[in-house]
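Let's work through some exercises on a protein structure together. Have a look at the sequence and the model first, then try each task before you read its solution.

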Amino acid sequence: EGEGAGDSNGAEGGDGRVRPRSAFYKRVVMGELDAARDKAREQPAKLARDARSFGVEAGFLASAACAQLLAAGVHAPRAYRVEMRPDEASPIDSAFSMLLSDFSPEAGWTQVGLLDAGQARRSLAALARLHAFFWEGGAFSTSGGEAAAELEAAVWPAGMYTQPSMQPAAQFDRLAAKYTEHSERLRPRFPAAGGLPGVD
């Protein structure tokens, strides 16, 4: 959580432009990832899904809609540069890179494992502001124009990573067994988690 604007911890250069003191660089080259290479051999549909998911993230962060979101006071990463090289025919050859504002401790941001009541309320309020910005009938949706068309093209075709249409059909048959497997594997860790006293 934090009170900063992500890249407010910056300094003004001689040309009057504010340059951040730090930045976050995310680079994804599918062919360099062990998990992606495994999926290319064994689960190509999941590899294509993963590549599209990275494309959605990069496309959203690079969009005019995300810039408008920031201007409206909603905290989100500011994209200084985004490069996308998706390859639908060969997802393993897809690559993405994003240079983003840094939610750093120096800018007032921290990461926590378990939220207390106040942090949970602030997190939910931030998520509500983000979603409200795009609600039908709001300023963004009614303004339409190129920003709305760009956002729809970047996000809507793939949508959410977990949507059923992006999952292999056989995966649903394994859900119950996977839940039991994960529950049994993680059960011994719960008593050792300081923030989870008494959790069954």
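Below are three exercises, each with a worked solution.

This is a predicted model, in which local features need pLDDT of at least 70 and side-chain atom pairs count only at pLDDT 80 or more, while totals for chains, interfaces and linings use all residues. Residues are numbered from 1 along each chain as its sequence is written, and side-chain values use heavy atoms, leaving out hydrogens and water.

**Exercise 1. The nonpolar core**

Find which elements give two or more residues to the largest nonpolar core.

*Solution.* Start with the term: a nonpolar core is a set of buried Ala, Val, Leu, Ile, Met, Phe, Trp, Tyr and Cys residues joined through side-chain atoms within 4.5 Å. Buried means under 20% relative accessible area, exposed over 50%, and partly exposed in between (1.4 Å probe, protein chains only).

Next, look at the members. The largest core has 25 residues, and those touching the most other members include Phe 60, Leu 69 and Phe 140. The elements you are after are helix H2 (44-61), helix H3 (64-71), strand E5 (95-101) and helix H6 (145-155). Helices (H or I, at least four residues) and strands (E, at least two) are DSSP runs, numbered from the N terminus. H2 gives the largest share, six residues.

Finally, zoom in on Phe 140. Leaving aside neighbours within four places in sequence, its contacts (heavy atoms within 4.5 Å) include Ala 65, Phe 133 and Leu 151.

**Exercise 2. One face of a helix**

Work out where the buried residues of H3 lie around its axis.

*Solution.* First list them: Ala 65, Cys 66, Leu 69 and Leu 70 are the buried residues of H3. Seen down the helix axis, they fall within an arc of 145° (taken from the directions from the axis to the C-beta atoms), so they line one face of H3. Then ask what this group packs against: H2, helix H4 (117-133), helix H5 (139-143) and H6. Just after H3, Gly 73 takes a positive phi of about 90°.

**Exercise 3. Two salt bridges**

Decide whether the partners in the Asp 50 and Arg 49 salt bridge are buried or exposed, then do likewise for Arg 27 and Glu 32.

*Solution.* A salt bridge is a side-chain nitrogen of Lys or Arg within 4 Å of a carboxyl oxygen of Asp or Glu. The structure holds 11 of them.

- Asp 50 and Arg 49 meet at 3.5 Å, N to O. Asp 50 is buried at 10% relative accessibility, and Arg 49 is buried at 5%.
- Arg 27 and Glu 32 meet at 3.0 Å, N to O. Arg 27 is partly exposed at 49%, and Glu 32 is partly exposed at 47%.
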